[in-house]
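These entries record what I looked up about confidence, aromatic rings and charges placed over them.

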Amino acid sequence: MKKILLFTLLGLVAVTPAYAAGDAPVPPHQDWSFNGYNGTFDKGSLQRGYQVYKQVCSACHGMKRISFRNLAALGYSEEEVKALAAEYTVMDGPNDEGEMFERPARPSDAFPSPYPNDETARYANNGALPPDLSLIVKARPHGADYIYGLLTGYEEHHGEEELPAGQYWNKYMAGHKIAMAPPLSDDMVPYEDETVTTTEQYSKDVTSFLAWAAEPELEERKRIGVKVILFLIAFAGVMLAVKRKIWASMH
Amino acid sequence: MGSGNRKKFDNPIVEWVDSRLPVFTLMNKEYGVFPTPKNFNYLWNFGAIAMVMLITMIITGITLAMHYVPHVDHAFDSVERIMRDVNYGWMIRYLHANGASFFFIAVYIHIFRGMYYGSYKQPRELLWMLGVVIFLLLMATAFIGYVLPWGQMSFWGATVITNLFSAIPFVGDSIVTLLWGGFSVDNPTLNRFFALHYLLPFVIFAVVFLHVWALHVAGSNNPLGIEPKGEQDTLPFNPYYTMKDTFGVLVFLIVYVAFAFFMPNDLGHPDNYIPADPLVTPAHIVPEWYFLPFYAILRAVTFDIGIPFTDITIITAKLGGVLAMFGSIALLFVLPFLDKHPVRSAVFRPWFRIALFALVIATFLLGMAGGKPAEGIWLYVSQFCSVYYFGFFLAIIPFLNKYEPVEKLPPSINDAVLDKNIKANAYFYAGKVK
């Protein structure tokens, strides 16, 4: 028993150092509501985070893997989702006359990206490509901690050499140079509830929202996982008893 | 496979089938009354565990294939569709992705057990060699499977590993072109990799069948490494080991699903959630963790090998690395013919035991070095450990053949099981028989 676990754990030791993070420091660990074996998303935070994404991030960053219907998971009703979708315009067609046309988005539509293609995006952003944010939390080492660290990690330039135009100094960016200007500042997005409107709070909310976007299955996954493990433990217990009983007669 | 003298079954339907096709007789002979040494410890569970993982991978894999699109423009999106829109698609994919890791964990422990107790020795040489063939096929399948999601690590891992074949003199470039189906890793590569990833598990299944067949000819080895001498040394496979294996499998599954449900991405690389981009190279290209020791051996050869005092290079560093990497597995393949020491089990081979534990440590260090850039201290670590790895097979084992004393072995499994002194002295000896 112990040996099996020991070997399994030993096998995993070799795993952890599989990637180096450049010269950027490890972002501090945040106390996310979705951490842990039974973590869940804070729906209020997700809704505020969506507001921050919509009013700030979406100017440059797409979220093409998310559909408006997915927003129901944030606690919006069907009617609210329809209304949220209708705020966007999407290209559809061709119609009966062969023309492409614009129409308000429906819940079944994916979020429209801000640029028609990567070339336009680079041209508009000094050569840098703002990545699609659907998977960003899973696509970076340290996930949500890193995104939060990045959003709050803008500091005065520390290096010796001059930063090129359009580059900013960020504590947690690999190489410390980032092409994204500090996106958030205090009081830039008015919240409808009493939540404070600080950069830290915006960063926290929008990171939660992005974590949900990357892993919308997280709550269900953990819920089912607990049941699966409990079932397997019970089953293993029964089998251990059976095995002992059978082997006990082996005198 | 023949039925020989068949015993009649009471159930008329079973009897009707069995008299025409003796599958029930076969199952009863090979898994019912099959005489199995009674002193197995829990390391003997990992064959059954590996089998369960193979079946898990085939079932989840076929389900994924129903939704996956092997095209460079759609592969990544189709995987995300599985994660987001297919019913329980996230569960199937996470079980498959983590299943690969846990398959390797099971297989590595299984291989270690075979080495520790000398299971590769006469008369089980072919059984062992079939096992190494399975291991090679498994590595090929896992590598190809990692390419299919078409993320950054998929693409660049495929580029780096397929490029290795270009080191082969004369035909290398043609082989690479053949693997790629073109002049770079592109859509034809993805298409053929998908086809092969669907094919190879069934090839593995066939070789596993041969592996188990060979096992049932020679019978299982055991922690003492001495052959059973009669009925007092063995137990029928069912129920003793069917029940014990089921328990072991369940414990293993608990750890496996803990990863699949609670840390599904901890064994993967974040870069593989970035769609493949041939124009952007990741900072560090690393393979999956289970390849890291071999990757470290590959990169440990940083020098050309030539005729001394001339400029003539016989083996470039790249070819040397490739030869070393494949050589490390080839040595496993011929291990039964390298180790000629008459004693099987490391329980009675204290010198071999130390050398083997050092090999395990060297392999772990190689794994750690494989995950780091090949420079500075980690390069020396991988070179030192690679030398030990080859030294173990090519120097230490021949040395032990000649000089390791042959200890007096217990007269039989039954005697050993009853003798407390042997149990107390035996490392990793945990036969539960009283």
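I began with pLDDT, the predictor's confidence in each residue, which runs from 0 to 100. The model is predicted, and I noted that chain A averages a pLDDT of 90, with 90% of the residues scoring at least 70. For residues 1-21 of chain A I found pLDDT under 50 throughout, although the model has 40 contacts there beyond four places in sequence.

I turned next to the aromatic pairs and counted 56 over all chains. I looked up Phe231(A) and Phe235(A): the ring centres are 5.8 Å apart and the planes stand at 50°, so I entered the pair as tilted, a class that lies between the limits of 30 and 60 degrees. Both residues belong to helix H7 (residues 218-248) of chain A, and because they are 4 residues apart, about one helical turn separates them. Phe231(A) counts as exposed at 52% relative accessibility, while Phe235(A), at 33%, is partly exposed.

In chain B I looked up the pair Phe155(B) and Trp156(B), which is edge-to-face, with 5.2 Å centre to centre and 80° between the planes. I recorded both Phe155(B) and Trp156(B) as buried.

I then listed one aromatic cluster, whose members include Trp247(A), Tyr31(B), Trp44(B), Tyr116(B) and Phe357(B).

Which ring does the charged end of Arg113(B) sit over? I found that ring to be Trp44(B), with the charged end 4.5 Å from its centre. Trp44(B) is also one of the cluster members entered above. In chain A, I noted that Arg48(A) lies over the face of Tyr191(A), 5.7 Å from the ring centre.

Notes:
Residues numbered from 1 in each chain as written. Chains lettered and ligands numbered in written order. Predicted model: local features only at pLDDT ≥ 70, side-chain atom pairs only at ≥ 80, totals over all residues. Heavy atoms only, no water. Contact = heavy atoms within 4.5 Å. Phe/Tyr/Trp six-rings, centres within 6.5 Å; stacked < 30°, edge-to-face > 60°. Helix = DSSP H or I, 4+ residues; strand = E, 2+ residues; numbered from the N terminus. Buried < 20%, exposed > 50% of the residue type's maximum accessible area, 1.4 Å probe, protein only. Lys NZ or Arg CZ within 6 Å of the ring centre and 35° of its normal.
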